[in-house]
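Please open the structure in your viewer and switch to a cartoon view. We will walk through some strands together, one selection at a time.

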Amino acid sequence: GSPVGTYDCLAEMYREGRLDFSKVTSVNLDEYEGMTHDNPQRYWYFSNEHFYSRVNIRPENTHVPDGADPDPEHACRAYDRIIEEVGGIDLQLLGIGPDGHIGFNEPADAFAVGTHLVTLEQSTIEANRRFFEKEEDVPRSAVTMGIGSIMRARRIVLVANGENKQDPVLASFFGPVTPKMPASILQLHPNCTVVLD
């Protein structure tokens, strides 16, 4: 939910004629594993509802990892190729999870470089519970863009809203760089902006 306010502002600027998205390509961070393409809980639907459908971005220029692929490794490599084929990422918009995750890069022993399959932490499942009828419906795994792909973005903007983001923001930007706090890697990015409420 972190980028919704940003999407609202961008859509308003488009309506006012100040922005044009006709030549924009979007590569989303992640997608739940096992979600069929017609499932309204997919991140593509979320992005379409809050952003794509409100601006003039071309549908064929919107990319999300294929969580429905029965071979997650194939889905991961295919998504890395898409990122490469579009020329990399000019602007990466991020939120931050209560455990410091960015994308679905959960706390780990090492930073994952490329797109990969991840088992979601309980705190992430609980944070995403609000989008589902009941907690049992929240997927337990996802395909996510890796830290390496995020860090190769030319510019990063991280948006953090709410009191529950205070601790992960403090740990990420005023503590050590560690894969146990994934967003801490952003301290090493040469062009990262953090927007806080």
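The tour below moves through a predicted model, strand by strand.

**Stop 1: the open sheet.** Begin by selecting β4, β7 and β8, which form an open sheet of 3 strands in the order β4-β7-β8, with parallel pairing. Its edge strands are β4 (91-94) and β8 (192-196), each of which pairs on one side only. Look along the sheet and compare the strand directions: neighbours here are turned by 15° against each other on average, direction ignored.

**Stop 2: β4 against β7.** Now keep β4 and add residues 155-160, which make up β7. These two strands run in the parallel sense and pair over 4 bridges. For a landmark, label L91 and find R155 in β7 standing opposite.

**Stop 3: strand β6.** Next, move to residues 141-144, strand β6. Are the faces of this strand covered or open? Both are covered: S141 and V143 lie on one side, A142 and T144 lie on the other, and all of these residues are buried.

**Stop 4: the partners of β6.** Add residues 30-32, strand β2, which pairs with β6 in the antiparallel sense over 3 bridges. Then add residues 116-119, strand β5, which is also antiparallel to β6 and pairs with it over 4 bridges.

**Stop 5: T144.** Finish by centring the view on T144, a buried residue of β6. Which residue of β2 stands opposite T144? Label D30 to see it. From β5, H116 stands opposite T144.

Note on methods:
Residues numbered from 1 in each chain as written. Predicted model: local features only at pLDDT ≥ 70, side-chain atom pairs only at ≥ 80, totals over all residues. Heavy atoms only, no water. Pairing = 2+ DSSP bridges. Axes fitted to C-alpha atoms, helices over the stretch in contact; angles between N-to-C directions. Buried < 20%, exposed > 50% of the residue type's maximum accessible area, 1.4 Å probe, protein only.
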